[in-house]
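Thank you all for making the time this morning. I would like to walk through one structure with you, and I ask that you keep the picture in view while I talk.

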Amino acid sequence: MPPKEKSPGKKLEKELQSGKSFYQFLTSWNKKVQAYTAFDDYFQFTGNIYMYWFARTILMASIVYYILISGFFPTKAFPLASKINVMTSLIGIFGFVIIRCSGMFIKIFGHWTPEGSLYYKQCDNFKKISYRSFCSQRTFS
């Protein structure tokens, strides 16, 4: 882990006031945060990676099959070929949608490591305790 600074807010303020563009600042800040957190220790993305490559394979295979079926089986001679082309097109669209929405599948196909699960449960419990203490201090009328 990188050494902790005494006041990271002052450094952040100084970097924001410098002549850097905001995009450059955000990308450099994002890299610093990723280096500090090491999220891979808490969550395993292997299932999501497998799903992503499976979707890419489906998309590529459907494109190849569409081209091959269209080229070798003309629609006039083989009327069923047009229905097969529609089916391969739908499969290709399905593969494309899976690739585009692969970020949504992270929670489904990925899983927490034991350390990450413990950390997640602690954060969730902290949220519950914070909310309860906030509500107990306020009177709603």
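Let me begin with what I mean by an aromatic pair: two rings of Phe, Tyr or Trp, taking the six-membered ring for Trp, count as a pair if their centres lie within 6.5 Å, and planes over 60 degrees apart make the pair edge-to-face. Please also bear in mind throughout that what you are looking at is a predicted model. With that definition, a search of the whole structure finds 3 aromatic pairs. One of them joins Y52 and W53, whose ring centres are 5.9 Å apart and whose planes meet at 80°, so this pair is edge-to-face. Y52 is partly exposed, at 28% relative accessible area, and W53 is partly exposed as well, with a value of 48%. Another pair is formed by F73 and F78, with ring centres 5.2 Å apart and planes at 90°, so it too is edge-to-face. F73 counts as partly exposed at 41% relative accessibility, and F78 is partly exposed with a relative accessible area of 40%.

Let me now step back to the protein as a whole. It has 6 helices and 2 strands, and, reading from the N terminus, the elements follow the order α-α-β-α-α-α-β-α. How much of the protein counts as buried? Of its 141 residues, 17% do. The accessible surface comes to about 11,900 Å², and carbon and sulfur atoms account for 67% of that area. As for how the chain meets itself, if we take the contacts between residues at least 6 apart in sequence, 64% of them join residues at least 24 apart.

Next, I would like to turn to helix α3, which covers residues 46-72 and holds N48. Is N48 buried or exposed? At 11% relative accessibility N48 counts as buried, because buried here means under 20%. If we leave aside the neighbours within four places in sequence, N48 is in contact with S102, F105, I106, F109 and G110.

Helix α4, residues 80-100, is where M87 sits, and I would like to follow several other residues of this helix in turn. A81 is found in helix α4 and counts as buried, with a relative accessibility of 6%. Which residues does A81 touch, once its neighbours within four places in sequence are set aside? They are I69 and F73, and F73 is the residue whose ring we have already seen paired with that of F78. The C-alpha atoms of A81 and I69 are 6.9 Å apart in space, although the two residues are 12 apart in sequence.

I84 also lies in helix α4, but at 38% relative accessibility it counts as partly exposed. Its C-alpha atom is separated by 9.5 Å from that of S70, a residue 14 places away along the chain. N85, again in helix α4, counts as buried at 9% relative accessibility. With the neighbours within four places in sequence left aside, N85 is in contact with Y66, I69 and S70. I69 therefore appears in the contact lists of both A81 and N85, where contact means heavy atoms within 4.5 Å.

There is also a feature of the surface that I would like to point out. A nonpolar patch of about 650 Å² is made there by V86, M87, L90, I91, I93, F96 and V97.

Finally, a word on the cysteines, since someone at the bench is likely to ask. How many disulfides does a search of the whole structure find? The search finds 0. C101 is partly exposed, with a relative accessible area of 25%, and C123 likewise counts as partly exposed, at 32%.

To close, let me return to two points. In this predicted model, N48 in helix α3 is buried at 11% relative accessibility, and in helix α4 the buried residues include A81 at 6% and N85 at 9%. On the surface, the nonpolar patch includes M87, which also belongs to helix α4.

Conventions:
Residues are numbered from 1 along each chain as its sequence is written. This is a predicted model: local features need pLDDT of at least 70, side-chain atom pairs count only at pLDDT 80 or more; totals for chains, interfaces and linings use all residues. Side-chain values use heavy atoms; hydrogens and water are left out. Patches are made of residues with over 30% relative accessible area and no salt bridge: like charges are joined within 9 Å, nonpolar side chains (Val, Leu, Ile, Met, Phe, Trp, Tyr) within 5 Å. Accessible areas come from the Shrake-Rupley method with a 1.4 Å probe; for residues, only the protein chains shown count as cover. A salt bridge is a side-chain nitrogen of Lys or Arg within 4 Å of a carboxyl oxygen of Asp or Glu. Helices (H or I, at least four residues) and strands (E, at least two) are DSSP runs, numbered from the N terminus. A disulfide is a pair of cysteine sulfur atoms within 2.5 Å. Buried means under 20% relative accessible area, exposed over 50%, partly exposed in between (1.4 Å probe, protein chains only). Rings of Phe, Tyr and Trp (its six-membered ring) pair if their centres lie within 6.5 Å; planes under 30 degrees apart count as stacked, over 60 as edge-to-face and the rest as tilted.
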